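User: I would like a close look at one part of this model. Please keep it brisk and give the cut-offs as you go.

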Amino acid sequence: MPVELCVVPNPLTLNANPGGRRPEKPPSQVDVSSVQSSTDEERHKIDIIDIRDGRQSFNLVPAIRHSLQHRNEDGHRTLPSLLLWNERGLKLFEELTYAPEYYLTNTEIALLEAHSREIAQTIEPGTILLELGSGNLRKIRILLQAIEALGKRVDYYALDLDRNELERTLNQLRTDAGRFRHVRCHGLHGTYDDGQVWIARPENARRPRCVLSLGSTLGSFAPSEAAAFLKMWTDTLQADGGGAAGSFILGLDGCKDGQRVFAAYNDPGGANRRFILNALDSANAHLGHGAFRASDWTVRGEWVDDDDKAKKRRHVQYLAPLKRDVQVTFLHEQHQKPITVRVQKDETVELVSSYKFDEADKERLWEESGLRVASQFFSKDGSYGVCALFSTDRYCNRKPLCLLY
Ligand SMILES: C[S@@+](CC[C@H](N)C(=O)[O-])C[C@H]1O[C@@H](n2cnc3c(N)ncnc32)[C@H](O)[C@@H]1O
């Protein structure tokens, strides 16, 4: 029986690359035309642990049905943003990170290149480094190389939703970084919730643990949700730490320049559009039939900078009918009779938001999640990418938590 994926923490942000830096490799080299898996030989070499809770796939069908039939408080139908992150979606997102307008990735890369040694120094030998939503691993490589250079023995665990992509990206990491002697790399196939259960296992709890979230992934949460998410993790690390300290390394965007943000998520090359439209194919795969025809839809972005404290400063991405009303048909959950939802041509279906956290938002976030800044690094314009060391007064009196945002 299918189990609905827990979507409480449902973070899917879009990172971006900063101005001024050239992409490391052109988007054409990210193979999204065919979804290829690693070879059998490669598969054997990569340690990927399935930590899913007995589920063979994530069942988003109930969430798709429900969110299309109902409207949120802003009056929009919605679709689950988790639809973005299938194998093809992850490749398309990687392509987006090479778009010149997508400033987040390059900003974070620049910060890591400048400060990875300092960050690496904060990481204790023997640490479990758990990266939530590891994506394409271009950034973590910089930090892992710095840890390796210091000769610290750590275990890095890349956690993400698609096994084939974990294999591909961990193989790529090995190719790009060369063989590590001190850093051991693994994959964890599962959700954030699965990762939380895994990190609390006794064999992990007795080791120092550092949780990473890069690429402003936390920005897919509204500020209050982000605080709740972080608090869950700090509580998990601190509850069972048995004397071992927990720490965090976070990357978070606070750009308030609406034009710059809008350009990042609406690149003229269409990388973001392809990434967002793929959610429709992903929905069809979950539903088991062609409920959505991608050619009937387009993508709309909106920069919202309103006064509503809970919702301010975010970029929202919608799917919208391209020319005329669109009908989407699926089966009713209980009686299996077809249900048709008519999306009017002037309607927009909300898919994902990318919240921007300014200094005040961040301070609130740290306070609500029980974290304290120890040090931080900012991008040149001050809007992104800072490394900060945090510690909570309540639990962590020995070690600081490391935050990069
Ligand atoms: C915005 S991307 C960031 C990727 C990478 N960290 C970076 O900085 O480029 C978000 C990542 O989180 C993953 N993700 C989203 N929701 C998740 C969930 N509930 N559990 C595990 N991974 C998730 C996605 O598959 C994707 O790799």
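Is S216 buried or exposed, and how many other C-beta atoms lie within 10 Å of its own?

Analyst: S216 is buried, with 29 other C-beta atoms within 10 Å. Buried means 20 or more other C-beta atoms within 10 Å of the residue's own; exposed means 12 or fewer; partly exposed lies in between, and C-beta atoms are placed from the backbone. This is a predicted model, in which local features need pLDDT of at least 70 and side-chain atom pairs count only at pLDDT 80 or more, while totals for chains, interfaces and linings use all residues. Residues are numbered from 1 along each chain as its sequence is written.

S216 sits in the loop between β6 and α9 (223-239). Strands are DSSP runs of E, at least two residues; helices are runs of H or I, at least four; both are numbered from the N terminus. The phi of S216 is positive, about 60°, although S216 is not a glycine.

Now the strand before that loop. β6 (residues 209-213) pairs with β3 (residues 128-132) in the parallel sense, over 4 bridges. Two strands count as paired if DSSP finds at least two bridges between them. One bridge partnership here joins L129 to C210 of β6.

Both strands belong to an open sheet of 6 strands, ordered β1-β5-β4-β3-β6-β7, with parallel pairing. Its edge strands, β1 (48-50) and β7 (246-250), each pair on one side only. Neighbouring strands are turned by 25° against each other on average, direction ignored. Helix α5 (residues 140-149) packs on this sheet and touches β3, β4 (154-160) and β5 (183-189). Contact means C-beta atoms, placed from the backbone, within 7 Å. The direction of α5 makes about 145° with that of β5. Axes are lines fitted to C-alpha atoms, for helices over the stretch in contact, and angles run from 0 to 180 degrees between N-to-C directions.

A second loop of this region deserves a look. L137 lies between β3 and α5. L137 is buried, with 27 other C-beta atoms within 10 Å. L137 also has a positive phi, about 70°, although it is not a glycine.

A200 gives a contrast. It is found in the loop between α7 (192-199) and α8 (202-205). A200 is partly exposed, with 15 other C-beta atoms within 10 Å. From A200 to Q238 is 38 residues in sequence, but 9.8 Å in space, C-alpha to C-alpha.

Before the sheet strand β3 comes helix α4 (residues 103-121), which has 19 residues. Of these, 14 are buried. α4 reaches 27 Å from first C-alpha to last, close to the 27 Å expected. The expected span is 1.5 Å times one less than the number of residues. A kink of about 65° is centred on H115. The bend is the angle between axes fitted to the seven residues ending at a residue and the seven starting there.

For the wider setting, the protein has 12 helices and 14 strands. Buried residues make up 51% of its 405 residues. Among contacts between residues at least 6 apart in sequence, 78% join residues at least 24 apart.

Note on methods. Two residues are in contact if their C-beta atoms, placed from the backbone, lie within 7 Å.
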